[in-house]
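Please open the structure in your viewer and keep the selection panel at hand. The tour below proceeds from one selection to the next and says what is to be found at each stop.

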Amino acid sequence: MLSSVLPLVLQALGNPDLSISSVSTLKKICRECKYDLPPYATNIVAVSQEVLIKQIHKTSQCMWLMQALGFLLSALPVEEILRNLHSLITPYIQQLEKLSEETMVHIFASETDHFPPIRALFELVTSVTLSIFQQGPRDHPDIVDSFMQLQAQALKRKPDLFLSENLDVKAVFHCGVLSLKFPEAPTVKSTCLFFTELLPHCADVPPVAQVVQEDGKLLLQAVLEAIGGQSSRSVMDQFAEVLFSLNKHCFSLLTVWLKEALQSPGFPSTRVSEEQKDTFSQQVLRERVNKRRVKDIVKEFTLMCRGLHGTEYAADY
């Protein structure tokens, strides 16, 4: 069936008069038959890229086409995802670089004409990268690092991107929690940056507020595990910034989560007493303005958790 239908659909993609029907049909095929499409992937990507570059379709159809490609690529092995994704986005990156060189134009500023293709590209990259997480991201810390930097920049410059119904904010959040546990310091730092950019938007981006309300405790637990000794001491300042941001933007929730998390025996370390955990909790909750003080609190507590407090080994820390 696919072998007879797909050539007709791909041929129709090049006809502006069949724009809506051809793109919507391809999107449906890619969504419902994606696991049957790998043999046809190269051809689908090539034709799609050609019509996108020629700008045959209107913005809304281009976004549908991007979504179709996201479904398609998510069913491929990681190496093929990366090869096809690179091929697809290179012309867009070149276009955005050209736009960024024009006087007073910024790709993430208020230039409404440029926003739809940027949003479509952002959603495509996000969707495809989430599929890499589903396959197991551990062998690709560089991809995870870049992905978290992209999400952080989007939140910083155009948080409206996170209002899109095509963006799975919950999945992005959970990928962030997972990325905090990577051993590579650059990846952890990028992920901490993502969360410090995300948390302030609890107030003005409802999907962010919802996921933090529902799953924010998982983020706190990951932060506490890191402070407790699971992560290098070299990234403690970054974890302290996430903790500070939680305290500043989710105070009432953090109060409950901290109490619940630290009640667990031996968490985040068997080396700290209940009294020391309680002191740490009170100190953190008290500091909603002085970030430097929170970093000092975290440094002291992580040394206790590692059994290094007061030792010569910790003197230079």
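## Starting at Phe 251

Select Phe 251 in this predicted model and display what surrounds it: leaving out residues up to four places away in sequence, Phe 251 touches Leu 246, Leu 285 and Arg 288. Phe 251 belongs to helix 12, and with a relative accessibility of 31% it counts as partly exposed, because buried would require a value under 20% and exposed one over 50%. Now add Ile 53 to the selection and draw the line between the two C-alpha atoms, which are separated by 48 Å, the residues being 198 apart along the chain.

## The loops

Stay with helix 12 (251–262) and follow the chain into the loop between it and helix 13 (274–286), where Pro 268 lies. Pro 268 is joined to Phe 267 by a cis peptide bond, with omega at about 5°.

Next, select Gln 55, which is found in the loop between helix 3 (41–54) and helix 4 (59–74). Gln 55 is not a glycine, yet it has a positive phi of about 55°; at 58% relative accessibility, it counts as exposed.

## Helix 2 against helix 4

From that loop, select helix 4 together with helix 2 (residues 19–32); the two pack at an angle of about 20°, with their axes 8 Å apart. Angles under 35 degrees count as roughly parallel, and helix 2 and helix 4 are therefore roughly parallel to each other. The crossing of helix 2 past helix 4 is left-handed. To see the residues that meet, show the side chains of helix 2, including Ile 20, Val 23, Leu 26, Lys 27 and Arg 31, against those of helix 4, among them Trp 64, Leu 65, Ala 68, Phe 71 and Leu 72. Sorted by class, this contact of helix 2 with helix 4 has 9 nonpolar, 4 polar and 2 charged residues.

## The nonpolar cores

Which residues have the most contacts inside the largest nonpolar core? Select Phe 162, Val 212, Leu 219 and Phe 239, which hold that place in a core of 62 residues. Helix 10 (residues 206–230) gives the most to this core, with 10 residues. Another core, of 37 residues, lies apart from it, and Leu 6, Leu 13, Val 51 and Ile 143 are among its members.

As a last stop, centre the view on Phe 162, which, leaving aside its neighbours within four places in sequence, is in contact with residues including Phe 122, Gln 151, Leu 155, Val 169, Leu 198 and Pro 207.

Conventions:
Residues numbered from 1 in each chain as written. Predicted model: local features only at pLDDT ≥ 70, side-chain atom pairs only at ≥ 80, totals over all residues. Heavy atoms only, no water. Core = buried A, V, L, I, M, F, W, Y, C linked by side-chain atoms within 4.5 Å. Buried < 20%, exposed > 50% of the residue type's maximum accessible area, 1.4 Å probe, protein only. Helix = DSSP H or I, 4+ residues; strand = E, 2+ residues; numbered from the N terminus. Contact = heavy atoms within 4.5 Å. Axes fitted to C-alpha atoms, helices over the stretch in contact; angles between N-to-C directions. Parallel < 35°, antiparallel > 145°, perpendicular 65-115°, else oblique. Left-handed = near helix turned anticlockwise from the far one by under 90°. Nonpolar A, V, L, I, M, F, W, Y, C, P; charged D, E, K, R; others polar.
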